[in-house]
Structures are given as structure tokens and as C-alpha cells.
Amino acid sequence: MTAASGERHGGDDEHTAQGIRRSRAAAGRGGATGGNRRTTVVDARRGALGFAVNFWAWALLSPLAPRLRDALDLAQRCPAPHDVEQVPAAGAVGQVLARPVRAAVALPGTDVAAMDGYAVAGTAPWRLVGKVFAGGTPWSAPLAPGTAVEIATGAPVPADARAVVPYECCRRDGDLVMGPAGPRTHIRTAGEDVRPGDELVPAGRVVTAAVLGAAAQAGADVLTVYRRPRVCVVVTGDEVVSAGTPLPGQVRDALGPAVTALVCDAGGTVVEHRYLPDTGEALRVALHGASGADVVAVTGSSSVGAADHLHRVLDGIDARWYVDGVRCRPGHPQVLAQTGDGRWVVGLPGNPFAGLVAAVTLLRPLVAALAGRPPAVRHRLPVAGDASPYPHGVRLVPVRVGDGHATVVPGARPASLRAAAQADALVVIEPDWTAGAPAELVDLRPAVP
Ligand SMILES: Nc1nc2c(c(=O)[nH]1)N[C@H]1C(S)=C(S)[C@@H](COP(=O)(O)OP(=O)(O)OC[C@H]3O[C@@H](n4cnc5c(N)ncnc54)[C@H](O)[C@@H]3O)O[C@H]1N2
Ligand code: MOO
């Protein structure tokens with residue numbers, strides 16, 4: 001099916017349970033499963049999620065094809081964070097702390113100079129008796145009154161020194177030094193920043209460059225973090241090739257690389273990457289075989305064509321349905337389901353921009369939540385340009401983000417990532433949006449963990 005015909009598709013009907021059943025029946029998919037699916041969604045949400053909402057009211061409105069915002073919320077509230085592991089700190093960037101980082105040592109470890117200058121004892125003038133540098137041999141004896149040592153920032157201050165006087169505050173005459181010296185000025189006292197056992201970073205924080213540095217400084221070499229969610233990426237399509245120049249009728253895989261990048265950005269890791277022919281059996285075997293994965297992301301196969309097998313395969317393995325279609329454009333044929341053994345299956349449409357929309361709606365928040373990350377903060381900005389609202393749901397439109405506003409990148413098409421590749425974010429354009437009005441952003445730039 002072409003992108004243009006995909007654009008034509010999509011009145012209100014397709015987003016009701018009845019509409020979904022009708023279109024499946026028309027496609028020979030067995031509409032009878034629709035009712036079971038609806039019951040399963042409700043039961044699963046009651047039991048597994050414990051949402052404090054009125055599910056019957058929710059189900060009547062939109063049992064399987066939620067609004068985009070609800071789909072996002074659902075995906076990030078579905079999973080519980082996974083196993084905890086202890087890892088060398090350096091490898092934990094982007095993971096979420098399951099236990100606080102605690103200091104193994106005091107900081108500073110001993111009284112040290114905070115400035116380059118002179119450590120002095122007693123009253124001025126002071127007679128210079130030596131030098132102490134960071135990393136060099138500490139001054140072994142107490143400093144006698146009326147004497148000084150030249151000292152470098154970070155070097156241990158000799159016992160009985162009462163202050164460090166910076167070079168620029170001193171007057172030096174031969175081996176005599178004079179200057180102002182308040183009590184313990186420019187001396188950092190042992191343990192004044194951190195004491196052994198102090199909590200440096202609380203649980204729940206993402207390991208960033210600053211966390212790594214703080215942990216290393218305080219000797220916390222091993223961190224306890226949530227395991228990275230394991231994702232198996234399954235790219236379906238007889239026509240999809242992973243490399244080289246596509247022959248007539250073939251397309252290069254756009255979604256495998258894009259999905260892999262989003263998974264890593266969300267704190268997950270791709271443990272397997274498969275290319276599958278368009279057969280239900282191949283998909284069934286792949287879902288079954290991905291037992292080491294927490295999430296299976298399937299690209300293509302999400303629609304109602306004869307070669308689109310995802311729904312049938314999920315029904316065949318009695319998967320629990322959470323999302324079957326989202327009221328957005330492009331990207332409405334997206335799926336969130338769970339297999340009997342607890343693995344999440346995310347179905348992403350094959351049209352590349354539609355697949356990207358689905359990946360940021362369902363896959364990225366799901367992986368981030370499994371990784372223990374807090375929900376992303378949502379921003380709204382005024383949007384300039386032509387965003388053509390979609391009357392039956394929201395439209396996702398690529399934008400560049402400027403200082404306090406967003407500007408539409410023109411030319412977005414469901415089958416092309418060209419406009420999205422020039423964008424910083426997608427804006428969620430509501431049906432009643434008017435030019436210049438604010439809209440919510442879904443960022444496409446790498447997360448700052
Ligand atoms: N009768 C209907 N047909 C279609 C509907 C519908 O509601 N009723 N929805 C349309 C929409 S919207 C989309 S989006 C697509 C989704 O289709 P699938 O997820 O089943 O994907 P495919 O049919 O396999 O492929 C669609 C398109 O994308 C190309 N493709 C697939 N995978 C990749 C990839 N990894 N990298 C690059 N391009 C890929 C594929 O060659 C097709 O051109 O369904 C519409 N049809
Ligand atoms: O047109 Mo589809 O909307 O590409 O998801």
C-alpha cells in the first residue's frame with residue numbers, strides 16, 4: 001500500500017473496537033477475537049497495572065486505539081523496572097541507580113591547600129623552609145611558628161599551619177614572606193565535602209558523566225543499577241534489505257537502525273537483530289525464539305494486508321493486548337502486547353516515518369520505564385508553520401526547536417524520514433490547533449541521561 005493511500009485511510013470508525021473488528025474480518029483475520037482482545041486489555045490493565053481509572057468508561061471511549069498521550073502514558077506505566085545488577089561504574093552510563101552511590105573515602109582525604117601560595121604557622125613575617133606539592137612527599141613535621149612552606153593547590157597542609165596565603169596576596173623578600181592570614185583561610189579540611197558512607201547520589205538517578213566522576217572521586221567503583229532492558233529488533237518484509245543498493249522492488253531498511261538508536265537512547269540494549277520474510281510462521285518462530293529479550297520490536301507487518309501477520313501471530317499465542325492502533329497520523333497501526341511469559345511486543349508500522357512515530361510513542365517510553373527511568377518531562381511550545389491538523393486524532397509533525405518556539409519542517413510524508421531527519425522534535429498537533437498556537441513536543445534528540 002502506498003503512503004498516499006495510507007493518508008486517505010482513517011475515519012473514526014477504524015479507531016473503535018467495532019471498526020477494528022470489521023476491518024480484520026474484512027481482511028480475513030477472524031473478527032471474533034476482537035471481543036476477547038477487548039476483555040483481555042481491560043483485565044490486564046486492572047490486574048497488572050492497577051490503574052485507578054474507570055476502565056469501563058475508558059473502554060467505551062477507546063478500548064484498543066487510545067489517544068497518543070494515553071498510549072505514551074500507558075507504555076511508560078506498564079512495566080516494573082527489571083533486575084538489579086552490580087557493574088563497574090565506567091560501564092553504567094545511562095543506567096538508573098537501584099541503590100544510592102555512597103562514598104568509600106573522605107573528601108578531601110586530609111587537610112589540603114585550596115590555593116597555590118604559602119602555608120604559614122604563627123605570625124608574619126614567615127621564613128620559607130621548604131615546598132610541598134600535590135602528589136609529592138607530605139611535610140612530615142609540624143610547621144614551627146614563624147615559618148612557611150611553599151604549597152600547591154591540593155597538597156596536604158603541614159600540621160600546625162594556620163592558613164594558606166595565595167601568592168598574589170603575599171610580598172616576598174628573599175626567604176621571608178608577608179601577607180594577610182585569617183584563621184584556616186584557603187585550607188580545605190579533611191572530610192568537609194564528603195565523609196565515608198555519605199550518600200552522594202540517591203537511587204533513581206540516571207548515571208551521568210557527573211555521577212561517574214563523583215563516584216570515582218569517592219572511591220565508589222561498583223554501582224548497583226537496573227539491568228538494561230534487552231530488546232530484540234525484528235525487521236519484517238521480503239523487500240527489505242539491510243545493505244547495498246536495493247534492486248527494483250527492494251527497499252533499504254530504515255527502521256532497524258532508527259529503532260536501535262532509540263532503544264539505546266532510552267537505556268536499553270539490542271541483543272538480537274533479525275530480518276524476516278513475510279510469513280506468519282517466521283514471525284511466530286522469531287517471537288518464540290526471542291526468549292532472552294524483555295521487548296521484541298517488530299517493524300512492518302502491523303497493518304491489515306495479506307502479508308501483515310503480527311495480529312494473527314499475537315492472537316495465535318494468546319498475547320495480552322494493550323494497544324491496537326493509536327489515534328494519530330502517521331503511525332496509527334501500532335501495537336503493544338505482552339506474551340504469556342511476560343515479554344513485551346511492540347509493533348511498528350513499516351512506513352519509516354510512521355514507524356518512527358510509533359517507536360517514540362510506545363517503544364521508547366516502554367524501554368525507558370523498564371530501564372527504571374522516570375517519565376520524560378513534557379514541554380509545549382508555540383508552533384509556527386503549516387501543520388495541517390488531522391480531524392480524528394493528532395498529527396505528528398517534525399519541527400525545529402528555537403528559543404521559545406518551534407517551526408514546522410515542511411514536507412513530512414509517512415514513507416519518508418527526510419523531514420524528521422532535519423527536525424529536533426515532533427509536535428503533537430491537536431485537531432483544533434491553529435497556526436502559532438502551542439503544542440506538546442516529543443523530542444527526537446538524544447536524551448541527556
Ligand atoms: N487497507 C489498509 N492498508 C493499510 C493501512 C490500513 O489501515 N488499511 N494502513 C496503512 C498505513 S497508515 C501504514 S503505516 C502501513 C503499515 O504497514 P505495515 O506495518 O504492515 O508495513 P508493510 O506493509 O510491511 O510496509 C509498509 C511500507 O513500508 C516499507 N517498509 C517496511 N519495512 C521497512 C523498513 N524496515 N525500512 C524501510 N521501509 C520499510 C514497505 O516496503 C512498504 O512500502 O500500512 C498501510 N496500509
Ligand atoms: O500512513 Mo501510516 O499513517 O504511515 O502510519
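Reader: Which residues have the most contacts inside the largest nonpolar core?

Author: A nonpolar core is a set of buried nonpolar residues linked through their C-beta atoms. In this predicted model, the largest one has 99 residues, and those with the most contacts inside it are Ala-297, Val-346, Leu-366 and Val-427.

Reader: OK, and which helix gives the most to this core?

Author: That's helix 10, residues 352-370, with 14 residues in the core.

Reader: What does a second, separate core include?

Author: This other core has 22 residues, Trp-139, Ala-155, Val-165 and Ala-181 among them.

Reader: Back to Val-427. What does Val-427 touch, leaving aside residues up to four places away in sequence?

Author: Quite a list: Val-383, Ala-387, Val-397, Val-399, Ala-406, Ala-439, Glu-440 and Leu-441.

Reader: Now for Ala-214. Is Ala-214 buried or partly exposed?

Author: You count C-beta neighbours within 10 Å, and 20 or more would make a residue buried. Ala-214 has 18 inside that distance, so it counts as partly exposed. You'll find Ala-214 in helix 6, residues 209-217. Beyond residues up to four places away in sequence, Ala-214 touches Val-101, Leu-200 and Val-201.

Reader: How far apart in space are Ala-214 and Pro-88?

Author: They sit 14 Å apart, C-alpha to C-alpha, with their positions 126 residues apart in sequence.

Reader: And the whole protein: how many helices and strands, and what share of residues is buried?

Author: The protein has 11 helices and 26 strands. Of its 449 residues, 42% are buried. As for contacts with a separation of 6 or more, 68% join residues 24 or more positions apart.

Terms used
Residues numbered from 1 in each chain as written. Chains lettered and ligands numbered in written order. Predicted model: local features only at pLDDT ≥ 70, side-chain atom pairs only at ≥ 80, totals over all residues. Helix = DSSP H or I, 4+ residues; strand = E, 2+ residues; numbered from the N terminus. Buried ≥ 20, exposed ≤ 12 C-beta atoms within 10 Å, placed from the backbone. Contact = placed C-beta atoms within 7 Å. Core = buried A, V, L, I, M, F, W, Y, C linked by C-beta atoms within 7 Å.
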